[in-house]
Amino acid sequence: MQSFWPSREEFLSRPKRVSRFFVILFIFSATLNALLGFTYLYRETAWQTQKSKYEQLVQSNLDLANEYKAERDDLQVSVAEKNVQLTKLNQELKTARNELAKAEQSLATLNDRIKLQEAQLASNSDELESLRGRPPLFKVESLTSRDVTADKAEVRSIVESAYDVIDSVYGNPYLLNQITINFVDSFNIAGAVGEISIANSEAGIEITIKLRNFDKDSSNDVNTIVHEIIHGFHGIAALNAPVLEEGITVAATDVVMRKMYEQGIINFNDPYITISDEIASQINSSYSTPSGNSSFYSSSNVGVYYQLAGWSWYQLYEEDANFFKNFNNSLYNLVQNGTRVSASGVRNLIKNTVNSANSQSISDFVSSQISFNPS
Ligand SMILES: [Zn+2]
């Protein structure tokens, strides 16, 4: 039995060979190294794989982060732009509000002014109403060297008696303070048989009628003076188109003249309107009436216009004997209140005054007659 620890001598006496211990140790150590090596290689390979994955992950996260950053930058730019736009819009809104406030302010001022003017018009209207009840003064003068003493006396008597007849047919004049009849040698308009001028003064309307001579037995002379005085009744309320004003005047003159004849003031019944209904219809379908003063009065058809316009207005009187009075009353109410009555305003007044004329509804009659529709 050998002891575990041989003595030095015994050990030295043993043959020189590699102890099994070292062989085992070598094998063990080689195996361990191999294991360690494999483990290292395996881990290294695994790490490399993982690392590459992580790097890809990190890269994709970085890419994503960059994308988000770019998006954020874009959004910031767009937010900045929106802020600029918002500031601008706010500024515009502020300006608009200021302008609105200013407009409201001036509207309020205008409303106040309108109220004031309405109040003034109302008081003027009351004054006008009382002035309208006054009969006008008549004056007959002479601007000619001819002896017109007899003419003056005759015209005065005709005018004074015609006045009441006109008043009964046409209503009170709009605002007539004075009628002056002046005898002259010539007229401004060539071919005229009389001329009228209307002046507005503090006392009211003054009309001056110019005549060359006057004969109370002349149908023409009486017609002329009555016609001009009827214009004078409208005064500044004269209808705005000549065909309208002349038409109503011609028709009313024929009515007044007939009444003067019936009352024995004149000894002839000689109407100005001579066209038949048939001729009126033919004229109405083949002419048109100008709206301007000069185009009307200087037209070669002026005589035709007078006839047709007189005929058209006369149909309204035939429908209702109070037509002229009622029409004028409505007209004066509008004029007194500051309304400018246009041709269509005149058509509306007619439609509000009578229901029919010439066997037609008033609406059809008014729209079909060129006398009421100057163009
Ligand atoms: Zn006239």
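A residue is called partly exposed when its count of other C-beta atoms within 10 Å falls between the buried level of 20 or more and the exposed level of 12 or fewer. That yardstick will come in handy in the views below, all of which show a predicted model.

**Figure 1. Arg212, in the loop between β4 and α4.** Here we look at Arg212, which sits after β4 (204-211) and ahead of α4 in the loop that links them. Arg212 has 19 other C-beta atoms within 10 Å, so it counts as partly exposed. Leu143 belongs in this view too: it is 69 residues from Arg212 along the chain, and the two C-alpha atoms are separated by 9.7 Å.

**Figure 2. Helix α4 and the glycine that follows.** Follow α4 from its first C-alpha to its last and you cover 23 Å with 16 residues, close to the 22 Å expected at 1.5 Å a residue. How much of α4 is buried? The count is 13 of its 16 residues, so the helix is largely enclosed by the rest of the structure. Just past the helix, look for Gly235, whose phi is positive at about 55°.

**Figure 3. Where domain 2 touches domain 3.** The domain assignment divides the protein into domain 1 (24-132), domain 2 (135-236) and domain 3 (239-375). This view takes in domain 2 and domain 3, whose C-alpha centres are 21 Å apart. Their contact is built from 16 residues of domain 2 and 20 residues of domain 3. On the domain 2 side, α3 (149-170) and α4 (219-234) are the elements that give two or more residues. The largest share of that side comes from α4, with eight residues. Sorted by class, the domain 2 side holds nine nonpolar and seven polar residues, and no charged ones.

**Figure 4. The largest nonpolar core.** In soluble globular proteins, nonpolar side chains tend to be buried together. The largest core in this model has 65 residues, and the members that touch the most others are Val159, Ala162, Ile166, Ile225, Ile229, Ala252 and Val256. Helix α5 (residues 242-262) supplies the largest share, ten residues. Domain 2 (135-236) and domain 3 (239-375) each give at least three residues to this core. For a closer look, centre the view on Val256: beyond its neighbours within four places in sequence, Val256 is in contact with Ala162, Val165, Ile166, Val169 and Val226.

**Figure 5. Helix α9 and its buried residues.** The 14 residues of α9 (residues 323-336) should span 20 Å at 1.5 Å a residue, and the end C-alpha atoms are indeed 20 Å apart. Which residues of α9 are buried? They are Phe323, Phe324, Phe327, Asn328, Leu331, Tyr332, Val335 and Gln336. Just after α9 comes Gly338, which takes a positive phi of about 85°.

**Figure 6. Ser363 in helix α11, with a word on confidence.** Ser363 is part of helix α11 (residues 362-368). It has 13 C-beta neighbours inside 10 Å and therefore counts as partly exposed. Gln282 is 81 residues from Ser363 in sequence, and their C-alpha atoms are 20 Å apart in space. Among the elements of the protein, α11 has the highest mean pLDDT, 98, whereas strand β3 (residues 195-201) has the lowest, 78. Across the protein the mean pLDDT is 89, with 96% of residues at 70 or more.

Technical notes:
Residues are numbered from 1 along each chain as its sequence is written. This is a predicted model: local features need pLDDT of at least 70, side-chain atom pairs count only at pLDDT 80 or more; totals for chains, interfaces and linings use all residues. Domain bounds come from an automatic or database domain assignment. Two residues are in contact if their C-beta atoms, placed from the backbone, lie within 7 Å. Helices (H or I, at least four residues) and strands (E, at least two) are DSSP runs, numbered from the N terminus. Ala, Val, Leu, Ile, Met, Phe, Trp, Tyr, Cys and Pro count as nonpolar, Asp, Glu, Lys and Arg as charged, and the others, Gly among them, as polar. A nonpolar core is a set of buried Ala, Val, Leu, Ile, Met, Phe, Trp, Tyr and Cys residues joined through C-beta atoms within 7 Å. The expected span of a helix is 1.5 Å times one less than its number of residues. pLDDT is the predictor's confidence in each residue, from 0 to 100.
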